[in-house]
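Biologist: I have two ligands to place and a few hollows to understand. Can you take me through them in short steps?

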Amino acid sequence: MTGPPRHVACVMDGNGRWAARRALPRTAGHAAAEAAVIDTIEAAHAAGVEWLSLYAFSTENWRRPATEVDFLMRLVRRTVRKHALTLHARGVRCRFLGAADPRVPPPLARDIADLMELTRDNRRLTLTVAFDHGGRRDIVAAARALIRDGVPAEQVTEESFARHLPHPDMPDVDLVIRTSGEQRISNFLLWQVAYAEWMFPRVLWPDFRAGHFWECLDAYRRRERRFGAVPAPATTEERTR
Ligand code: IPE
Ligand code: IPE
Ligand code: MG
């Protein structure tokens, strides 16, 4: 039995397929994803999860058609503006990983900065939106920062390296949930997922709701996390069960 996950990270996948099944444009799937995002934040908040990270846009997603990318930028801006005050009232600290690309429209970059500033002192739940994020890019950024700081090679350790990542206070991910049945990492928080547990519910992201989130937390609690060690000896109670 494992306690509740401190850090849950979701790869919000399947919007396009959700729309295709309804003969709708892909953008309709993205629009429908907003409800799943809000439900998931509420569920994590209620479950006492301290860190929730949502993969919203990868460095590779710039390869999509310009109309889809534009739609996503406008959708993120609308969602940020619509929910900023509620998130703040709920004690959610909002952060964005990435978002430094000059292709991110300046009004969206401003709204993101405003939301981060508004919520910076909240501690109930830290919501990290991985937006224009790439795990490899973050690792390269950390390597550059170490070199810039003049850290000698023999002082580069896992700990000092991690301190140079963007958002170095982010704890390791305990549980990754990737919807839509796809089973891959797609360049998400590569450093932080080293020892994460993984769940691949088949539900498409726009249909993902608090109930699905709770099911993943239940399954997580039944997993045994060993971190390379041997299983803990069974307690008397477990042996006699
Ligand atoms: C995830 O849904 C959303 C983003 C990557 C922005 P997809 O758009 O990847 O949906 P599928 O995988 O095509 O169904
Ligand atoms: C990963 O999903 C990125 C996000 C969910 C934002 P993709 O749908 O872009 O990933 P691939 O292309 O299937 O690996
Ligand atoms: Mg996808």
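Modeller: One term comes first. A cavity is a set of grid points where a 1.4 Å probe fits but cannot get out, and its lining residues have an atom within 4 Å of a point. Keep in mind that this is a predicted model.

Biologist: Which residues line the largest cavity?

Modeller: The structure has one cavity of 30 Å³ or more. The space inside the largest cavity is about 30 Å³. Its lining consists of G135, D138, I139, L165, L189, L190, W191 and Q192.

Biologist: How many residues of that lining are charged?

Modeller: Asp, Glu, Lys and Arg count as charged. The lining includes D138. By class, the largest cavity is lined by five nonpolar residues, two polar ones and, as for charged residues, one.

Biologist: Now the open hollows. What volume does the largest pocket have?

Modeller: Ligand 1 takes up space that is the largest pocket. The space taken by ligand 2 is the largest pocket too. Its volume is about 770 Å³.

Biologist: Which residues come closest to the centre of the largest pocket?

Modeller: The lining holds 38 residues. They split into 22 nonpolar, nine polar and seven charged. Among the elements that supply at least two lining residues each are α2 (26-47), α3 (66-89) and β4 (125-133). Closest to the centre are M12, N15, Y55, A56 and F57.

Biologist: Which element gives the largest share of the shell around ligand 1?

Modeller: The shell around ligand 1 includes N15, G16, R17, R26 and H30. Helix α1 covers 15-21, and helix α2 covers 26-47. Three shell residues, the largest share, come from α1.

Biologist: How much of ligand 1 does the protein bury?

Modeller: Start with the polar contacts. D13 has a polar side-chain atom 2.9 Å from a ligand 1 oxygen, and R64 has one at 2.7 Å from an oxygen of ligand 1. On its own ligand 1 exposes 380 Å², of which the protein buries 86%.

Biologist: At what distance does the backbone of G14 lie from an oxygen atom of ligand 1?

Modeller: G14 is one of the residues around ligand 1. The cut-off for a polar contact is 3.5 Å between N or O atoms. For G14, a backbone N or O atom reaches a ligand 1 oxygen at 3.4 Å.

Biologist: On to ligand 2. Which strand gives the most residues to its shell?

Modeller: Ligand 2 has V11, M12, D13, Y55, A56, F57, N61, R64, R178, R184 and S186 around it. Residues 51-58 form one strand, and that strand gives three residues to the shell. No element gives more than this one, β2.

Biologist: How much of the accessible area of ligand 2 does the protein cover?

Modeller: S186 puts a polar side-chain atom 2.6 Å from an oxygen of ligand 2. R184 does so at 2.7 Å, and for D13 the side-chain N or O atom is 3.2 Å from a ligand 2 oxygen. Of the 390 Å² that ligand 2 has on its own, the protein covers 77%.

Biologist: How many residues around ligand 2 are charged?

Modeller: R64, R178 and R184 are among the residues around ligand 2, and so is D13. The shell has five nonpolar residues and two polar ones. The charged residues number four.

Biologist: Last one. What volume does the second largest pocket have?

Modeller: E158, A162, H167, M170 and Y195 are among the residues that line the second largest pocket. By class, the lining has seven nonpolar, two polar and two charged residues. The volume is about 230 Å³.

How values were computed. Residues numbered from 1 in each chain as written. Chains lettered and ligands numbered in written order. Predicted model: local features only at pLDDT ≥ 70, side-chain atom pairs only at ≥ 80, totals over all residues. Heavy atoms only, no water. Near = heavy atom within 4 Å. Polar contact = N/O pair within 3.5 Å; in protein donor to acceptor, adjacent residues only side chain to side chain. Areas by Shrake-Rupley, 256 points an atom, 1.4 Å probe, with all protein chains shown as cover. 1 Å grid on protein atoms, 1.4 Å probe; cavity = no way out; pocket = protein on both sides within 12 Å on 5 of 7 lines; lining within 4 Å. Sits in = over half its atoms within 2 Å of the grid points. Helix = DSSP H or I, 4+ residues; strand = E, 2+ residues; numbered from the N terminus. Points joined across faces, edges and corners; volume = space filled by probe spheres on them.
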